[in-house]
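Me: Please take a close look at one part of this model, the stretch towards the end of the chain, and then tell me how other parts are packed. I would like residue-level detail, with each term explained as you go.

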Amino acid sequence: MQETGNKIFKQTSRQANEQTSKRTDGQTNRQADRQAGAASGLTGRPVAGTFVLKKPRLIIRIGRNTLSFSALDTKNANNIVFEPYTVRSGISMAANLREAFREIGLPGNGWQRAMVLIDSPVLMMPVDEYNDGLKATLYHHAVTGRDAETVMSVVLPSLNAVAVYSINKDLKLVIDDHFSDARFTHVCAPVWEHLYRRSFTGVRQKLYAYFHDKKIDVFSFQQNRFKFTNSFDTNLVPDAVYFILNVWKQLAFDNRRDELHLVGELPSREELAKELHTFIQNVYVINPKAEFNRAPITEIKNLPYDLMTYFLRN
């Protein structure tokens, strides 16, 4: 009986080892597939024991008067391809987008999936009070002149907030017609998330001013929420100083202790910093190259800070 038992034990162990070996080989193959996909800039998902590679999304950034396209560079996993498009002032943004699809190379490469970053006025709502059925009513009540636009929203989990914004209906129709899978977010969403995590460094209160598209988004965080957020239309130093100092005073920040951080397309950087230093001791200009450890993406000319944060956090 002991001998029989040993034979059974040996057979069982051999079978178990073979099954383990098969499972390990299968896992190794799947891991190799994933690594190959990552190296080529592709994403994937397992389907019935296989690994299906999917092309990454084309990133479309739409400002008030700007339009650009970007995507992962499949030849270099550490970089992206960036193509700005010169917007024609005499036609709508929807018409400009149609023209861009025909005229420049990157959008014409057979993309089926897209992520669209939209710059439009925001209504920020606490996630606990958000009602999807009422978002359009509340947005049109708070933001005038956009009644004919489609109202959208993006959840900001780390900030316990929902950013409600809008997109032109014709523009959205062009995007939906061109892509089988299109997703949307606000252009500032990756910036809010990134700078919120950055705000944990140190114990001083911080106010951020993000300059982009000839406007300033000014915001501050407290614990895991927005303490303040608002947007101001200007690209002039005196106006920027006025708006920032007004918010600083409204939040009762300490001129000698607390910090002001400027980032983005600053107008007359030295003049702006000098004017603000007259009233606030700790004024810092965020340098993307230092911020992101000289990542190759920071070398791309005219790449907006929001696109840098989008790619580097995804």
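Reply: Contact, as I use the word here, means heavy atoms within 4.5 Å. This is a predicted model, so local features need pLDDT of at least 70 and side-chain atom pairs count only at pLDDT 80 or more, while totals for chains, interfaces and linings use all residues. Residues are numbered from 1 along each chain as its sequence is written, and side-chain values use heavy atoms, with hydrogens and water left out.

Let's start with K289, which sits in helix α8. Helices here are DSSP runs of H or I with at least four residues, strands are runs of E with at least two, and both are numbered from the N terminus. Setting aside neighbours within four places in sequence, K289 is in contact with R294, T298 and E299. E299 is ten residues from K289 along the chain, and their C-alpha atoms are separated by 7.8 Å. K289 counts as partly exposed because its relative accessibility is 33%; buried means under 20% relative accessible area, exposed means over 50%, and partly exposed lies in between (1.4 Å probe, protein chains only).

A little further along, N302 lies in the loop between α8 (288–291) and α9 (305–313). N302 is not a glycine, yet its phi is positive, near 65°. With 60% relative accessibility, N302 counts as exposed. S268 gives you another positive phi in a residue that is not a glycine, at about 45°. S268 belongs to the loop between β14 (259–264) and α7, and its relative accessibility of 44% makes it partly exposed.

That loop brings us to α7 (residues 269–277), whose axis comes within 10 Å of the axis of α6 (residues 237–250), with a crossing at roughly 40°. The two helices are therefore oblique to each other. Axes are lines fitted to C-alpha atoms, for helices over the stretch in contact, and angles run from 0 to 180 degrees between N-to-C directions. Angles under 35 degrees count as roughly parallel, over 145 as roughly antiparallel, 65 to 115 as roughly perpendicular and the rest as oblique. The crossing of α6 and α7 is right-handed; that is, the near helix is turned clockwise from the far one by less than a right angle, whereas anticlockwise would be left-handed. On the α6 side the contact is made by V237, A240, V241, I244 and L245, and on the α7 side by E271, L272, E275 and L276. Those residues divide into seven nonpolar, no polar and two charged (Ala, Val, Leu, Ile, Met, Phe, Trp, Tyr, Cys and Pro count as nonpolar, Asp, Glu, Lys and Arg as charged, and the others, Gly among them, as polar).

Another helix pair is worth a look. The axes of α2 (residues 93–103) and α4 (residues 169–178) come within 8 Å and cross at roughly 25°, so α2 is roughly parallel to α4. This crossing, too, is right-handed. M93, A94, L97, R98 and F101 of α2 meet D170, L171, V174, I175 and H178 of α4. The set divides into seven nonpolar, one polar and two charged residues.

Helix α5 (residues 189–198) is largely enclosed by the rest of the structure, because eight of its ten residues are buried. The buried residues are A189, P190, V191, W192, E193, H194, L195 and Y196.

Now for two strand residues. S68, in β4 (residues 67–72), is buried, with a relative accessible area of 6%. Not counting residues up to four places away in sequence, S68 touches I59, I60, R61, F82, E83, P84, Y85 and L307. R183, in β10 (residues 181–186), is partly exposed at 46% relative accessibility. On the same counting, R183 touches R57, A114, M115 and V116. M115 is 68 residues from R183 along the chain, with 4.8 Å between their C-alpha atoms.

Finally, the wider setting. The protein chain has nine helices and 15 strands, and 43% of its 314 residues count as buried. Among contacts with a separation of 6 or more, 57% join residues 24 or more positions apart. The chain exposes about 17,400 Å², of which carbon and sulfur atoms supply 48%; such areas come from the Shrake-Rupley method with a 1.4 Å probe, and for residues only the protein chains shown count as cover.
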